[in-house]
Amino acid sequence: MFGRDRIELKTPEQVLLMRRAGLVVADALAAASAAARPGATTADLDAVAAAVIADAGAQPSFLGYHDYPATICVSVNDEVVHGIPSGRVLEPGDVVSIDCGAIVDGWHGDSALTLVLPEADPADLALSAVTEKAMWDGIAALASGDGIADRLGVVGEAVEQAVEDAGAEANGGVPFGIVQDYVGHGIGSAMHQPPDVLNYRTRDRGPRLRPGMCLAVEPMITRGSAGTEVLEDDWTVVTVDASRAAHWEHSVALHEGGIWVLTAADGGAAELAARGVTVAPLG
């Protein structure tokens, strides 16, 4: 542990366990995404992800977390995060965000993605694309020429810049909103740990980055207001103006050689290469 809020530093061996958990999450998200189609229920997606995690000999991070009742979160349209799978039937054109976590030998992986069902509104496709780009730009900002960046605040700077660069044209002239009520986090022996990983600029540059830190970078972007509220189920977070939202997330390890995306099958190599970053494999 070190510094502000006692940030947990992982050993190389612990990071390798987190990589195993991350790959289970990647497989579960791929399977749930493949099952997401008009006519399927959000509970169907949950069952698919649960089977993948069980078959891998892992445990779901979300099930039972503060009494959360499902394996994944499935948030639809104006739902930002923490949507509880149910009998809700997916409809054509729905924006579907799927969030998943898994545990291997006590170590967590956490990732999320957003897809838009056909027939997709081009503005919804733009929303998801902007959010995904903002996530990868934030992850890329963690790297520097000599390994890792200096301070955590670079993530929020990069995410906000990506959203600003996207402009308003793709969203019918309305700027995309950056949710500030929910942010990324440290991850390791618990799913949520210090430090908070902000998706926006602040005057505070954040804690110094060090090898052994593992971080979940997860921007949540809307087509309207950034304001949110929680429904009566005490979990589902929605936009206050009913605008649609997207959520993308990856867990990232910082180590002596640089960065490695634990929940991406290729470690983030392709997306980060496009941003001038070479990933540093583990081990």
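Two strands are said to pair if DSSP finds at least two bridges between them. By that rule, E8 and strand E12 (residues 220-222) of this predicted model pair in the antiparallel sense, with two bridges between them. Within this pairing, glycine 177 stands opposite threonine 222 in E12. The two strands belong to an open sheet of three strands, ordered E8-E12-E15, in which the pairing is antiparallel. Strand E8 (177-178) and strand E15 (245-247) form the edges of this sheet, each pairing on one side only.

Stepping back to the whole chain, the model contains five helices and 17 strands. A compact globule of 283 residues would have a radius of gyration near 19 Å, and the chain, with 18 Å, agrees with this. The C-alpha trace spans about 45 × 45 × 35 Å along its principal axes. Of the 283 residues, 56% are buried. Contacts that bridge long stretches of sequence are well represented: where the partners are at least 6 residues apart, 68% of contacts join residues at least 24 apart. The exposed surface of the chain comes to about 11,400 Å², and carbon and sulfur atoms supply 52% of that area. As for charge, the chain carries 17 positive and 40 negative charges, and the mean positions of the two sets are 9 Å apart.

Strand E4 (residues 95-104) offers a good place to look at the interior. Because 10 of its 10 residues are buried, E4 is largely enclosed by the rest of the structure. Val95, Ser97, Asp99, Gly101 and Ile103 point one way from the strand, while Val96, Ile98, Cys100, Ala102 and Val104 point the other way, and all are buried. The residues on the two faces thus include an aspartate, Asp99, as well as a cysteine, Cys100.

Several strands bridge to E4. Strand E1 (residues 59-60) runs antiparallel to E4 and is joined to it by two bridges; here proline 60 has alanine 102 of E4 as its bridge partner. Strand E2 (residues 72-76) also pairs with E4 in the antiparallel sense, over five bridges, and valine 74 stands opposite isoleucine 98 in E4. Strand E5 (residues 107-116) is joined to E4 by 10 bridges, again with the strands running antiparallel. One facing pair across E4 and E5 consists of serine 97 and threonine 114. E4 and E5 together form a hairpin with two residues between them, and aspartate 105 in the turn has a positive phi of about 50°.

The loop between E1 and E2 holds two further residues with positive phi. Histidine 66 is located in this loop and has phi near 50°, a positive value in a residue other than glycine. Aspartate 67 is in the loop between E1 and E2 as well, with phi near 70°. Histidine 66 has a relative accessible area of 61%, so this residue is exposed. Aspartate 67 is likewise exposed, because its relative accessible area is 68%.

Both of these loop residues are touched by tryptophan 235, whose contacts beyond four places in sequence are Tyr65, His66, Asp67, Tyr68, Val81, His82, Ile84 and Val230. Tryptophan 235 itself sits in the loop between strand E13 (228-230) and strand E14 (237-239). Its C-alpha atom is separated by 19 Å from that of valine 89, a residue 146 places away along the chain.

Valine 89 appears again among the contacts of threonine 41, which, leaving aside neighbours within four places in sequence, is in contact with Ser86, Gly87, Arg88 and Val89. Threonine 41 is placed in the loop between helix H1 (12-35) and helix H2 (42-55). With a relative accessible area of 16%, threonine 41 falls below the cut-off and is therefore buried, since buried means under 20%.

Two cis peptide bonds complete the description. One runs from proline 118 to glutamate 119, with omega near -5°, and glutamate 119 is found in the loop between E5 and helix H3 (122-141). Another joins proline 194 and proline 195, with omega about 5°; proline 195 lies in strand E10 (residues 193-197).

Methods. Residues numbered from 1 in each chain as written. Predicted model: local features only at pLDDT ≥ 70, side-chain atom pairs only at ≥ 80, totals over all residues. Heavy atoms only, no water. Helix = DSSP H or I, 4+ residues; strand = E, 2+ residues; numbered from the N terminus. Rg over C-alpha atoms; globule rule 2.2 N^0.38 Å. Buried < 20%, exposed > 50% of the residue type's maximum accessible area, 1.4 Å probe, protein only. Contact = heavy atoms within 4.5 Å. Areas by Shrake-Rupley, 256 points an atom, 1.4 Å probe, with all protein chains shown as cover. Lys, Arg positive; Asp, Glu negative; His and termini not counted. Charge placed at Lys NZ, Arg CZ, Asp CG, Glu CD.
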